[in-house]
Amino acid sequence: MSDLIGQLEALQVEAQAALVAAQHTPETEAWYAAYLGRKGKMTTILRGLGQLSQEERPRVGKRANEIKETLEAALLVRQESIAAAEMQRMLASEGIDVTMPGRRPQVGKLHPTNQAMREMVEILKQMGFQVYDSPEVETDDFNFGLLNFPPDHPAREMQDTFFTTTPDVILRTHTSPGQIHAMRQYAPEPIRVMLPGKCYRNEDVTARSEMMFYQIEGLAIGRNITFSDLKGTLLNFANQMYGEGRKIRFRKSYFPFTEPSVEVDVDCVLCGGAGCRLCKHTGWLEILGAGMVHPIVLQNGGYDPALYSGFAFGMGIERQAMLKRGVDDIRLFYSNDVRFLERV
Ligand code: FA5
């Protein structure tokens, strides 16, 4: 018996010395297998238990457990100190300097189109216009027919259309079909709504034209609404958007859904009207199309044209942003060039 206990105690001394010599985690794992594992030295010694008498066996077993627990505790302590040393070596080799100042993170900001859109929405909101959401995918009827574009009329070619594989379903070419949606929802109540959103035209992309762009539409309907109301609204808009003291002028134009129709110019933001490259030496910049809502369109929207009248206007959001911020190419808006997006 004493022989077995002697062997176990000798094993403990040897194992403790071997543990101190282990310098890395894999060595401590090998150490465990060699001394305490199923095929380790302790198991080999304990095979001798079978030869002992009934009285001797518990005493030797108890001593073996004590030694095993002592060695396991020593292993944990050793593994922790090896892990700490390994971490120290790693930090030293990476040379982390915790006193170094951090890099400033890049913060995002609103896209220039959204900035301009919010600015315009804010101005129109002050004049009592409410945002009305209307779909980007429309039927031919809403985009053209109900807006008084006769079938096969050349006016349709003013706005080259993207068709879908479903007959009659198209991507809207302007925000004007939203006029019909809003009128049909509110008629015969008076309305004052604005419709901001994306439009699509199957056009060549140039410095002035994109295939996808934003418009914002305004529509006011009620009794006794006159052309003067349209003029006052647009002058107020121009003053807030481009600065106090702006002048605007109306040129006669044609849209099937308004009568009379006009195009509206503001005096050049760059030269103040003297003439420069931006305004092509005319002193004026075109900002939008507008007019009095055509009686047929009022009727299609559910209003009696004998009792109601209204005005509408529609403008390109990127074009306004270009004028205001001096951007000379619309393609910059959607080319994802961070330098442009940061600057504007
Ligand atoms: C229209 O779209 C009419 N629906 C506007 C309107 C509304 C008139 C209500 C009367 C009453 P127009 O095709 O001119 O009209 O387009 C209006 C504005 O959208 C243009 O002045 C321009 O600023 C912008 N726009 C048109 N096509 C493009 C394009 N391809 N790229 C960028 N902006 C465009």
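Reader: Hi! Which residue in β9 is the bridge partner of Gly289?
Author: In β9, Gly289 is partnered with Gly314. Strands here are DSSP runs of E with at least two residues, helices are H or I runs of at least four, and both are numbered from the N terminus. This is a predicted model, where local features need pLDDT of at least 70 and side-chain atom pairs pLDDT 80 or more, while totals for chains, interfaces and linings use all residues. Residues are numbered from 1 along each chain as its sequence is written, and side-chain values use heavy atoms, leaving out hydrogens and water.

Reader: Thanks. How many bridges join β8 to β9?
Author: There are 4 bridges between strand β8 (residues 284-293) and β9, and the two run antiparallel. Strand β5 (residues 212-222) is also antiparallel to β9, with 8 bridges. One example there is Ala220, whose partner in β9 is Phe311.

Reader: And is β9 buried or exposed?
Author: Strand β9 (residues 309-316) has 8 of its 8 residues buried (under 20% relative accessible area with a 1.4 Å probe, protein chains only; exposed is over 50%, partly exposed in between). It is therefore largely enclosed by the rest of the structure. Ser309, Phe311, Phe313 and Met315 cover one side, with Gly310, Ala312, Gly314 and Gly316 on the other.

Reader: Zooming out, what is the strand order in the sheet?
Author: The order is β1-β4-β5-β9-β8-β7-β6, an open sheet of 7 strands with mixed pairing; a pair needs at least two DSSP bridges. β1 (130-131) and β6 (248-255) are the edge strands with a single partner each, so one side of each has no neighbour in the sheet.

Reader: How does β6 pair with β7?
Author: β6 and strand β7 (residues 258-267) are antiparallel, with 7 bridges. Lys252 sits opposite Val262 of β7.

Reader: New topic: which strands does α8 lie across?
Author: Helix α8 lies across β6, β7, β8 and β9, at about 30 degrees to β9. Angles run from 0 to 180 degrees between N-to-C directions, with axes fitted to C-alpha atoms, for helices over the stretch in contact.

Reader: Where does Met241 lie, and what is it in contact with?
Author: Met241 is in helix α8. Leaving aside neighbours within four places in sequence, Met241 contacts (heavy atoms within 4.5 Å) Glu119, Met120, Ile123, Gln320 and Lys324. Met241 counts as buried because its relative accessibility is 2%.

Reader: And what separates Met241 from Pro154?
Author: Their C-alpha atoms are 34 Å apart, and the two residues are 87 residues apart along the chain.
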